[in-house]
Structure formats: C-alpha cells, structure tokens
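Thanks for coming, everyone. Please have a look at the structure on the screen while I talk.

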Amino acid sequence: MSNEFRGRGLRATALAAVLVTLVLAGGWYVWELRGIAAHRADGNPAEGSYQQDPERADRTAFAVLESVTQGSPEPGPDAKTSAGAAPERWRSGGWQPSAPLEARPVPASPSIGALFSPGDDTDPDHHCSAVVVHSPGGDLIATAAHCVYGGGFRTNLAFAPGYRDGAAPYGVWVPTRIDVDPRWAEDQDPDHDLAFVHLRRPGYPEQRLEDITGAETIGFGTELPAPTRLVGYPNDSEAPVDCRTTAVAAGPTQLRLDCADVPNGTSGGPVLTDGRTLVGVIGGRDGGGDEETSYSIRFGDDARALYERSAKA
C-alpha cells in the first residue's frame with residue numbers, strides 16, 4: 001500500500017473514531033435534554049403564569065425529603081418580619097458595610113431559604129435561593145425569574161426556608177402557582193428577572209408559610225444609593241452567606257451591588273435594606289453578576305405590577 005493510501009486509511013480510522021465519539025456524546029446530550037425537558041411546562045407564557053400539578057409537586061417534595069430532615073410543624077416567629085441578625089445590626093449602632101466586601105457564612109434566617117430542583121435536570125440539589133414576602137395569602141416567595149423559568153416553567157421546585165446543614169426546620173414547600181413577567185417568558189429580558197411563587201406544605205393543608213417563617217416586606221422605588229444586605233445559598237454550601245454593601249444604580253433598570261464571593265446558587269436571594277425591606281433579588285444583568293459584583297433588577301412599576309398580580313391570584 002502506498003503512503004498516500006495508508007495515510008487516507010489512518011485518517012478514515014481517526015474520522016470514524018471521532019464520529020463514534022460524537023454519536024455517543026450526542027446520545028448522552030439528547031438524554032440530558034430529555035431530562036431537562038421533563039421538568040419544564042409551557043404554562044401560560046403570554047400571561048407569564050403556571051399552575052402547578054399537585055401530584056407532580058408532591059413527588060418533588062418527597063424527593064427532597066429523602067435528602068433533608070424536616071422540622072416540626074410548630075409556628076415560628078410571631079411577626080410579619082423574620083427575626084434575623086441583620087435587623088439587630090441595623091438597630092444597634094447603625095449599618096456598617098462588610099469589611100472587606102466579601103460574602104461570609106451566616107446563620108440561617110427563617111424567611112430565607114434554598115430552592116431545590118430534584119431530578120435529572122443537570123442542576124445541583126439546591127440551585128437557587130428565595131425569600132418569603134408579605135402577601136394577603138401568606139404563601140408567597142420572591143426569587144429570580146431565571147430560577148423558575150427557562151425554556152418553560154420548572155415543575156420540580158421545592159423551597160426549604162431556614163435551610164442549613166441538611167435540615168429544613170420549617171418544612172419543605174412546593175409551588176401552587178408561579179408568576180413571571182411575560183417579557184421574561186418571551187425572551188429572558190434581564191430587566192424582568194423576577195418571579196413570585198405561591199407555596200403550600202404537603203401534608204399540612206392548614207399551614208400558611210408566612211405564619212411559620214415570618215416574611216419580609218417589599219419596597220418599590222427605593223432611593224439610591226442605599227445600604228443593603230445580600231443573602232443566598234451557594235450551590236456547593238449547606239449554609240447561607242451574606243454581604244453588606246451599598247446598592248447603586250446601574251442604569252435605569254438595574255442595581256449594582258459590589259461584593260466578592262457571591263457564587264452560583266445565590267441567584268434569587270434577597271437584597272434587603274433597613275434589614276427587612278426587600279428591594280431586589282440577585283439576578284438581572286449577566287445572570288446576576290460575576291466574582292466581584294452582583295446585580296438585581298430595580299423594583300419599580302413593573303415589579304410592583306407583577307407583585308400585585310401574583311398576590312391577588
């Protein structure tokens with residue numbers, strides 16, 4: 001065989017090996033996509049809403065409960081705001097920024113928790129964070145829209161308020177309804193990276209989330225710059241982190257929050273001012289930021305309209 005034919009044979013063998021690898025990898029990718037698709041639903045994207053199927057939600061709760069310890073059903077803080085460490089810092093001696101501006105582990109707060117998404121959707125056990133907000137129904141959390149909608153509404157969500165070290169002291173709660181701005185559902189507009197989710201606790205039909213955990217109030221049109229506290233659950237941590245920084249305007253629709261080490265998983269976590277008023281959730285520009293800076297949408301008229309629509313649902 002001439003060198004030319006030998007070379008062609010070697011190239012053909014190499015090409016065949018590459019094709020086999022691509023086919024195998026492609027098959028794995030297709031199965032991954034099927035797993036992701038299995039946890040998405042169309043809902044009503046024109047309205048930006050999704051009514052969760054109760055049986056599917058219960059299966060999600062049971063899957064999470066296999067890996068966490070659920071708390072007692074006894075009520076928690078008897079207040080409309082949660083009893084965390086941050087309000088005390090605001091009350092005693094005034095607010096001070098973190099020094100240095102880096103996120104650090106903190107005790108868990110009843111009204112702030114981790115969002116879980118069990119099942120084969122390529123995400124960690126808990127992939128985002130969320131916060132209980134005061135509402136007439138007492139069952140509402142706020143988080144980032146990208147935590148609950150991407151190519152459809154997530155159907156495998158569960159919330160563990162006050163989560164820490166594998167324990168869910170205030171129970172595991174699942175959605176009954178999810179609301180996002182239709183402009184997020186249409187093209188994931190980062191200026192609308194906000195969602196509200198109604199929750200219930202399987203097995204405890206009479207309980208209201210807010211009665212168990214307390215809740216944060218929500219503020220719109222907050223004057224900037226403003227002292228704030230960011231809180232969230234990193235993907236690779238079983239405890240929350242927080243950082244005290246100053247929220248400044250990043251254009252007309254976004255908040256900029258300079259603080260290092262606010263990693264993946266903290267998306268959807270609250271941005272609080274005066275220790276208890278929710279003025280943003282980690283998300284928005286660049287999916288929430290990078291190693292040095294976090295972002296949130298500014299809570300203005302659009303956020304108010306979404307909150308009011310969801311709270312009335």
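I will go from the overall picture to the cores, then the aromatic rings, the disulfides and one aspartate.

First, a caution: this is a predicted model. Everything I quote is computed from that model.

Start with the whole protein. It has 313 residues, and 50% of them count as buried. There are 6 helices and 19 strands. The accessible surface comes to about 14,100 Å². Carbon and sulfur atoms hold 54% of that surface. Now the contacts. Take those between residues at least 6 apart in sequence: 75% of them join residues at least 24 apart.

Next, the inside. In soluble globular proteins, nonpolar side chains tend to be buried together. What does the largest nonpolar core look like here? It has 32 residues. Those with the most contacts inside it are Phe116, Val133, Leu194, Phe196, Leu278, Phe299 and Tyr307. Several elements supply at least two residues each to this core. On the helix side, these are H2, residues 54-65, and H6, residues 301-312. On the strand side, they are S5 at 112-116, S6, S7, S9, and S18 at 277-281. Which element gives the most? Helix H6 does, with 4 residues.

Look at Val133 for a moment. Leave out residues up to four places away in sequence. Val133 then touches Leu140, Ile141 and Ala142. Val133 also touches Phe196, Leu278 and Tyr307. Ala215 is on the list too, and so are Glu210 and Glu216.

Apart from the largest core lies another one, of 27 residues. Among them are Leu115, Val132, Val148 and Ile178.

On to the aromatic rings. A pair of rings is described by the distance of the centres and the angle of the planes. The count here comes to 7 aromatic pairs. Take Tyr50 and Phe153. Their centres are 5.7 Å apart, with 15° between the planes, and the pair is stacked. Where do the two rings sit in the chain? Tyr50 is in strand S2, residues 49-51, and Phe153 is in strand S8, residues 153-154. That puts them 103 residues apart. Are they buried or exposed? Tyr50 has a relative accessible area of 8%, so it is buried. Phe153 is at 0%, so it counts as buried.

Now compare Tyr163 and Tyr233. The ring centres lie 6.2 Å apart and the planes meet at 50°, so this pair is tilted. Both partners come from loops. Tyr163 is between strand S9, 158-161, and strand S10, 167-168. Tyr233 is between strand S14, 226-232, and strand S15, 241-249. The two are 70 residues apart. Tyr163 counts as buried at 2% relative accessibility. Tyr233 is buried at 0%.

Two more aromatic items. Phe196, Phe220, Phe299 and Tyr307 form one aromatic cluster. Phe196, Phe299 and Tyr307 were also on the list of core residues with the most contacts. And the charged end of Arg201 sits over the ring of Tyr204, 4.0 Å from its centre.

Then the disulfides. A disulfide is a covalent bond between the sulfur atoms of two cysteines. How many are there in this protein? The count is 2.

One is Cys128 with Cys147, sulfur atoms 2.1 Å apart. The torsion about the S-S bond is about -80°, so this disulfide is left-handed. Cys128 lies in strand S6, residues 126-133, and Cys147 in the loop between strand S7, 140-143, and S8, so the bond ties together parts 19 residues apart in sequence. Both cysteines are buried.

The other joins Cys243 to Cys259, also at 2.1 Å from S to S. Here the torsion is about 110°, so the disulfide is right-handed. Cys243 lies in strand S15, and Cys259 in the loop between strand S16, 254-258, and strand S17, 270-273, so the pair ties together parts 16 residues apart. Again, both Cys243 and Cys259 are buried. Counting bonded cysteines along the chain, the pattern is 1-2, 3-4.

Last stop, Asp211. This residue lies in helix H5, residues 209-213. Asp211 has a relative accessible area of 38%, so it is partly exposed. Asp211 and Gly138 are 73 residues apart in sequence. In space, their C-alpha atoms are 7.1 Å apart.

Terms used: Residues numbered from 1 in each chain as written. Predicted model: local features only at pLDDT ≥ 70, side-chain atom pairs only at ≥ 80, totals over all residues. Heavy atoms only, no water. Phe/Tyr/Trp six-rings, centres within 6.5 Å; stacked < 30°, edge-to-face > 60°. Buried < 20%, exposed > 50% of the residue type's maximum accessible area, 1.4 Å probe, protein only. Lys NZ or Arg CZ within 6 Å of the ring centre and 35° of its normal. Disulfide = S-S within 2.5 Å. Contact = heavy atoms within 4.5 Å. Areas by Shrake-Rupley, 256 points an atom, 1.4 Å probe, with all protein chains shown as cover. Core = buried A, V, L, I, M, F, W, Y, C linked by side-chain atoms within 4.5 Å.
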